[in-house]
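Biologist: Before we discuss any details, could you put the sequence and the model in front of us, so that I can ask how each statement is reached?

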Amino acid sequence: MSRSEDIPDQTASLTNHDRKPIHIPGSIQPHGVLLVVNPQLEILQVSNNSQDHLGKTTQDLLGQSLNCLLDHRQVEAIKQCWEKQIGSVNSHKVSIITLNEKRYFDCIVHRTEDAVILELEPTDSASEVSFLSFHALVSEAIAQMQKTSNLTEFLQLVATEIRQITAFDRVMVYQFDHQGAGSVIAEAKRQDLSPYLGLHYPATDIPKSARDLYTRCMLRFIPTINAQPVKLVPIENPITQQPIDLSLSILRSVDSCCVEYHQNMGVTALLVISLIQEQKLWGLISCHHATSKYLSYEVRKICEFLGRIVSLELVHKVSQVEQDYKVRLQALQSEFIESISQADNFIDALIKPEIRLLDLVSASGAAVCLDNEITLVGATPNIEQVRALIEWADTQVSDNLFSSDSLPKFYPESIVFKNTASGLLLLRISQVRRYYILWFRPEVIQTVDWAGNPNEFTQVEQADDSVSLGPRKSFAKWQETVRLTSLPWESCELDCALALRNAIVGIVLSKADELAKINLELERSNRELASFAYAASHDLKEPLRGIYNYSTILLEDYAQILDDEGIEYLETVVSLSVRMETLINSLLRLSQLGKAELRKQSTDLNELLTQVIDVFRASRQYSELIDIRIPRLLPTVECDSVLVNEVFSNLIANALKYNDKAKKWVEIGYLDKNEEISTGLLQPKKQSSVPPVFYVRDNGIGIPEHHLETIFRLFKRLHSQEKYGGGVGAGLAIAKKIVELHNGRIWVESTLGHSSTFYFTLE
Ligand code: ADP
């Protein structure tokens with residue numbers, strides 16, 4: 001396996017030895033020469049082996065124009081590099097006369113931000129590989145690869161073809177997992193070598209900086225890993241005073257840790273081809289050879305080309321099983337989303353049938369959480385454990401989707417329920433409400449074959465006496481039992497979960513839209529109804545007054561010509577029209593309330609009640625009977641005092657009216673939060689926003705249970721007209737309307753024959 005040219009991230013944090021970033025080593029491998037030139041093509045830097053390859057010392061070359069090495073045509077071709085994009089690579093065959101001898105080189109040119117880099121690699125022949133021989137080499141390989149039907153077969157063939165072309169001892173295809181650890185998934189090798197197929201390599205074997213370089217640069221070739229690096233002269237670019245960026249250089253020297261890693265593995269020559277899928281490093285084709293091995297630039301280019309073909313094919317050649325699974329998930333997902341979007345209650349549709357929610361991401365358990373309500377499906381931790389897990393997610397998980405196949409790493413408390421939930425896939429549906437769907441997978445104990453103990457590092461003494469950590473010495477198979485881990489969540493399963501979230505958000509939004517429309521419509525029709533009731537009752541009053549007036553005139557002026565029966569009829573007309581006027585006035589009052597704007601102000605209810613009670617005491621009807629008790633001072637609240645006065649007046653009037661006891665009493669008071677909770681009137685969770693609950697209690701006739709709600713309807717009376725002092729049955733309807741205008745609630749509790757208590761809130 002290829003060891004990247006940097007120390008592992010993990011060791012980096014353990015060592016005080018400060019290493020240079022790997023893309024600016026200031027040196028190259030000795031099998032070629034590197035020249036750095038400015039836009040005028042003057043040589044700024046040169047590798048300290050120019051004498052060997054070109055027959056000219058660094059002093060001969062520095063400050064000179066490229067013309068001193070190359071002919072006019074070759075110089076012109078290099079000049080063009082300035083017009084090209086940074087990073088684009090050109091290659092030419094060039095010839096250079098050195099010490100009266102003509103030598104041929106592959107000249108590979110690329111541009112960095114402030115210089116052009118020329119790399120000259122000696123070659124035997126002057127001629128480029130013809131298109132036809134290139135075609136012959138690759139077309140057969142590609143044809144074979146295209147015939148394969150699944151990923152494993154395809155990559156196995158890739159390894160075989162690359163080994164055939166390069167004649168390296170071992171060619172491996174290595175794939176990264178989500179965490180960056182890799183495993184060998186295909187291998188072609190010399191028969192006598194022991195297989196590496198199936199072995200795993202920790203993510204720290206290839207740290208991020210090396211991965212970045214592999215993503216930018218498709219091919220890395222090291223013919224002799226322990227060859228002495230050659231320094232650039234001068235070491236820094238004299239114009240920028242910075243080390244030159246050798247990220248895209250084919251000769252870049254090899255990091256010492258990488259050298260050691262491969263020497264420990266018995267590797268001398270190394271070729272690494274990057275496999276890129278959707279701009280990400282998917283894996284590597286890594287070729288090892290026990291002795292030094294040189295590959296011509298053309299052969300390397302062919303390998304790079306094949307690497308690109310493999311990268312393109314990766315998208316199509318997913319394994320058949322994976323493909324079938326994806327198709328099945330897609331079908332399930334569409335059916336699921338359709339059914340929840342059509343359901344009246346999509347939350348029910350989510351969990352019925354239970355198996356569908358689990359199958360969607362191949363989970364063995366799930367929990368649907370809507371605020372404090374949690375529904376468990378399948379094998380899950382218990383409800384309290386799920387609740388605690390959601391509380392943790394509330395603060396610790398910021399994304400809408402969180403997944404882990406080893407939850408205890410993030411949330412150690414989950415160890416106790418590892419058998420049901422070592423793996424968690426968590427979907428947050430709302431950022432505002434606590435809406436979550438959680439899926440669980442149980443622990444699956446696995447045995448992983450590592451290429452050597454991944455946690456083992458050797459101590460390396462540095463020149464300055466400090467100690468840094470080097471790569472492991474042994475790559476012999478090392479088995480690890482992995483616990484507290486579930487099967488991994490596949491990216492198609494995560495996609496499915498996200499699609500479900502989008503669908504739910506869509507459904508909720510469209511339901512909210514629908515509700516908003518219905519609300520608007522309701523408000524409009526309520527307004528119309530109130531206007532109609534107002535207009536009708538207002539207009540009815542005038543003819544009614546006429547009926548009343550003419551009836552009284554008839555009674556007063558024509559009584560002598562009417563008999564007793566006639567007079568009695570007329571008196572009934574008068575009393576009915578009086579009653580009708582009361583009814584109309586009530587209707588008018590109610591419709592006015594429908595249109596009323598609240599005039600809220602801070603109101604001391606003690607003062608308000610004093611006014612109400614004074615009115616009762618002034619009235620002759622109640623004066624001598626009144627026993628109104630107020631056990632403690634009432635609070636000051638924000639309300640429309642005129643309307644709340646009306647509520648108390650109506651309730652107190654009823655309390656006195658519907659009472660047949662010799663000693664009537666009325667008690668007015670309120671419950672504080674704790675009393676409300678202990679009486680079961682309130683759920684504990686809502687404590688913080690609890691308004692006081694006011695009550696008016698009497699020792700009157702009580703109300704039958706089945707009328708506890710109907711008495712709030714307009715014109716609903718439980719007694720005949722003449723009983724209990726009469727009335728039209730509007731007082732409670734008006735009180736209810738006023739309470740609701742304050743966003744409050746009104747209700748009654750009663751014991752028939754003994755007492756009634758009317759409760760109400762004002763928010
Ligand atoms: P009204 O008093 O004009 O009939 P209300 O709307 O105020 O109209 O009351 C509706 C009915 O509810 C009353 O007719 C009565 O039967 C019943 N009711 C109201 N308050 C009480 C009470 N405190 N005790 C018993 N019954 C009551």
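Biologist: What makes the backbone of Gly 729 count as being in polar contact with the ligand?

Modeller: Please keep in mind that this is a predicted model. A backbone N or O atom of Gly 729 lies 3.0 Å from an oxygen atom of the ligand, and because a polar contact is a pair of N or O atoms within 3.5 Å, the pair qualifies. A polar side-chain atom of Lys 657 also lies 3.0 Å from a ligand oxygen atom, and for His 719 a polar side-chain atom is 3.0 Å from an oxygen atom of the ligand.

Biologist: How much of the ligand does the protein bury?

Modeller: Taken alone, the ligand exposes 530 Å², and the protein buries 97% of that area.

Biologist: Which elements give two or more residues to the shell around the ligand?

Modeller: They are α19 (641-657), α21 (731-741) and β31 (755-761), and the largest share, 3 residues, comes from α19. In total 21 residues surround the ligand, with Asn 654, Tyr 658, Asp 698, Arg 717 and Leu 732 as the closest. By class, the shell is made up of 10 nonpolar, 7 polar and 4 charged residues.

Biologist: Why is Cys 257 called buried?

Modeller: The relative accessible area of Cys 257 is 2%, and since buried means under 20%, the name applies. Cys 369, at 1% relative accessibility, counts as buried by that cut-off.

Biologist: How do you know that Cys 257 is too far from the closest cysteine sulfur for a bond?

Modeller: The closest cysteine sulfur belongs to Cys 258 and is 8.1 Å from the sulfur of Cys 257, whereas a disulfide requires a pair of cysteine sulfur atoms within 2.5 Å. The pair is therefore too far apart for a bond, and a search of the whole structure finds 0 disulfides.

Biologist: What share of the whole chain is made up of buried residues, and how many helices and strands are there?

Modeller: Buried residues make up 47% of the 763 residues in the chain, which has 21 helices and 31 strands. The chain exposes about 38,400 Å², of which carbon and sulfur atoms supply 52%. Among contacts with a separation of 6 or more, 67% are between residues 24 or more positions apart.

Key
Residues numbered from 1 in each chain as written. Predicted model: local features only at pLDDT ≥ 70, side-chain atom pairs only at ≥ 80, totals over all residues. Heavy atoms only, no water. Near = heavy atom within 4 Å. Polar contact = N/O pair within 3.5 Å; in protein donor to acceptor, adjacent residues only side chain to side chain. Areas by Shrake-Rupley, 256 points an atom, 1.4 Å probe, with all protein chains shown as cover. Helix = DSSP H or I, 4+ residues; strand = E, 2+ residues; numbered from the N terminus. Nonpolar A, V, L, I, M, F, W, Y, C, P; charged D, E, K, R; others polar. Buried < 20%, exposed > 50% of the residue type's maximum accessible area, 1.4 Å probe, protein only. Contact = heavy atoms within 4.5 Å.
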